[in-house]
Amino acid sequence: MSVSLARGGAAALLLVISSQSAFADLTADEVWADWKAYMTSTGYDVTASESRSGETLTVSGFEATMAFPEEDGEFSLSMPELSLTENGDGTVNVLLPEEFPMRFRAAGDGADEEIEGELLFAHDGAPMVVSGDASNMVYDYATAMMTLSLGQVTAEGDKLPEDLISFALSMKDVAAKTTMSIADTRSYDQNMTAGSLAYNFAFDDPESGDKGAFKGELLNLSFTGDSTIPDQMDTADLAAMMAAGFGFDGAFAYTQGSGSGSGSGDGDGEEFSFETSSQGGELAVKMTGEGLHYSAMQKQPNVSFTTSDLPFPVALSMAETGFNLEMPLAKSDQEQDFALGVTLREFAVPDMLWGMFDPTGVLPHDPASVVIDLAGKGKVLFDMFNPEEAEAVENGEMMPGELNALTIRKLLVSAAGAQLTGTGDFTFDNSDLESFDGMPAPAGVAKLTLTGANGLIDSLIKMGLMTEQDAMGARMMMGMFGVPGDGEDTLNSEIEFTEEGQILANGQRIK
């Protein structure tokens, strides 16, 4: 339901936030005809009446409705009136109501579980300026303020109290520009900036006693992106959409020193509160028929929180946090690239928290870091958009794919005075599932360096967290896999997996 609602909202708001400048004369009738063609091609049922007066085309009783897949509900937006006025210079002004509703209905397993509600969109009434020609329209839109808020919600036939749940999203000083090219497919080139984005969400459940209130703000936002939409597409069939050429590539960013948030509440009888801040961030998503690329990064995120479980507040900080994923989506007998990365750099906890398990300061309290950067090749052996094949994979009746190669581009783990770094490169033989107990047999080499391990072991013994006997076993294991490096308390290790199924540690066979 949420995916369909998001798709419906995105299609609607695309008509509200758009842009660019003139190439040739454009008529109001051409703009309105294209709106109808676009919305019907993406699955909306559009109804409206039209009337002409001079240079203005007035559209009354506008209603656009999209059914959710599998009869799970519907999404609609309606406007009592919108006008399209030819400006005499080849451009058209599109004037939307200052406020209009977007309604949703989500069906559960029965009529008693149905939820209905509305989202209210509001802006300052500024017009969109459309220029170009019928095959290449450009939209410019600027507004001092736009908001999206949750209106009346009905569950199981009853209206929910207004203080049960509330949500509001607002953006200030918005400027958007969209260039739309129309051919066998529609392509969009979009740019948007905003001075700020703020959100406010709250709920209060009288039955459970759970409640919470959350708010936050981002400053100096920007978005750039492009998308391709087939002339006709079934929004309930994502595989067909991808095959027809649907694609999206966009990046969202907010600038340094501009992220903040806070919240408080009560869940299961436990009270909590928190505050967050950050120094900028980015989010990028690319999706085509061939694959999905996703990345997110945040600079200097900080969070402080209190709970009734802890006798003191806790503050955590990091220099950087990030995540990236690249994965194929298409079923193929050919190898495809994938990648995965996680970054938690300079994760610091307060001395008060250290004091709970290291009161005498035996361990170094330096910030910890974890960086993992992987890449590889593999095969997708099922159609993940096909429900029958997805169910077969889930039931173990069908193999989801093959891992053919894996490269460890970077490995870094550092904490409490010890650090592990490494790289590696492996291939996998999927015809050999016996040598490594059902795992494809690997062949390749990993090179690792461990520093500070003996010092960490000594500290853990001093703290009473490790016995001398346990320490002896750990040191014997390190001696088996590592050789002394150039620096103090440094071990180097080269672990090789041979094509014959052997494992070598620094040239010595261990399997």
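Colleague: Happy to look at this with you! Is Ala443 buried or exposed?
Modeller: Bear in mind that this is a predicted model. Ala443 is found in strand β25, residues 441-451. The cut-off for buried is under 20% relative accessible area. Ala443 has 16% relative accessibility, so this residue counts as buried.

Colleague: Which residues does Ala443 contact, leaving aside its neighbours within four places in sequence?
Modeller: One group of partners is Asp425, Phe426 and Thr427. Ala443, in strand β25, has further contacts that complete the list: Phe497, Thr498 and Glu499.

Colleague: How many Å separate Ala443 and Asp124 in space?
Modeller: In sequence, these two residues are 319 apart. For scale, the C-alpha atoms of the chain fill a box of roughly 90 × 55 × 50 Å along the principal axes. From C-alpha to C-alpha, the separation of Ala443 and Asp124 is 63 Å.

Colleague: Let's turn to the whole chain. What share of the contacts between residues at least 6 apart in sequence join residues at least 24 apart?
Modeller: The chain holds seven helices and 29 strands, and buried residues make up 35% of its 511 residues. Among contacts between residues at least 6 apart, the share joining residues at least 24 apart is 59%.

Colleague: Nice. Which helix gives the most to the largest nonpolar core?
Modeller: In soluble globular proteins, nonpolar side chains tend to be buried together. The largest core here has 52 residues, of which Val31, Phe62, Leu84 and Val94 touch the most other members. Six residues come from the helix that gives the most, residues 28-41, and that is helix α2.

Colleague: Staying with Val94, which residues are in contact with it beyond four places in sequence?
Modeller: Val94 belongs to the group touching the most other members of the largest nonpolar core. Its contacts include Val31, Trp35, Ser83 and Leu84. The rest of the list is Pro127, Met128 and Val130.

Colleague: On to the rings. What is the angle between the planes of Phe100 and Phe121?
Modeller: A search of the whole structure finds 11 aromatic pairs. Phe100 and Phe121 form one of them, tilted, with 5.3 Å centre to centre and an angle between the planes of 40 degrees.

Colleague: Which strands does that pair tie together?
Modeller: Phe100 is buried at 1% relative accessibility, and Phe121 is buried too, with 2%. The pair ties together parts that are 21 residues apart in sequence, because Phe100 and Phe121 lie in strands β5 and β6.

Colleague: Which Lys has its charged end over the ring of Phe436?
Modeller: A charge sits over a ring when, among other things, the Lys NZ is within 6 Å of the ring centre. Here the charged end is 4.8 Å from the centre of the Phe436 ring, and the residue is Lys511.

Colleague: Are helices α6 and α7 roughly parallel or antiparallel?
Modeller: The axes of α6, residues 453-463, and α7, residues 468-481, come within 10 Å and cross at roughly 170 degrees. Ala453, Asn454, Ile457, Asp458 and Ile461 of α6 make the contact with Glu468, Ala471, Ala474, Arg475 and Met478 of α7. Angles over 145 degrees count as roughly antiparallel. The two helices, α6 and α7, are therefore roughly antiparallel.

Colleague: I like to check backbone angles. What is the phi of Asn506 near?
Modeller: Asn506 is found in the loop between β28 and β29, and it is partly exposed, with a relative accessible area of 26%. Its phi is positive although the residue is not glycine, with a value near 55 degrees.

Colleague: And what is the phi of Asp489 near?
Modeller: Asp489 has its place in the loop between β26 and β27. At 25% relative accessibility, Asp489 counts as partly exposed. Its phi is another positive value in a residue other than glycine, near 50 degrees.

Colleague: One last thing: how many Å apart in space are Arg186 and Pro230?
Modeller: Arg186 lies in strand β11, residues 185-204, and counts as buried at 4% relative accessibility. Its contacts beyond four places in sequence include Asp34, Tyr38, Ser227 and Ile229. Arg186 and Pro230 are 44 residues apart in sequence, yet their C-alpha to C-alpha distance is 6.3 Å.

Note on methods:
Residues are numbered from 1 along each chain as its sequence is written. This is a predicted model: local features need pLDDT of at least 70, side-chain atom pairs count only at pLDDT 80 or more; totals for chains, interfaces and linings use all residues. Side-chain values use heavy atoms; hydrogens and water are left out. Rings of Phe, Tyr and Trp (its six-membered ring) pair if their centres lie within 6.5 Å; planes under 30 degrees apart count as stacked, over 60 as edge-to-face and the rest as tilted. Helices (H or I, at least four residues) and strands (E, at least two) are DSSP runs, numbered from the N terminus. Buried means under 20% relative accessible area, exposed over 50%, partly exposed in between (1.4 Å probe, protein chains only). A charge sits over a ring if NZ of Lys or CZ of Arg is within 6 Å of the ring centre and within 35 degrees of the ring normal. A nonpolar core is a set of buried Ala, Val, Leu, Ile, Met, Phe, Trp, Tyr and Cys residues joined through side-chain atoms within 4.5 Å. Contact means heavy atoms within 4.5 Å. Axes are lines fitted to C-alpha atoms, for helices over the stretch in contact, and angles run from 0 to 180 degrees between N-to-C directions. Angles under 35 degrees count as roughly parallel, over 145 as roughly antiparallel, 65 to 115 as roughly perpendicular and the rest as oblique.
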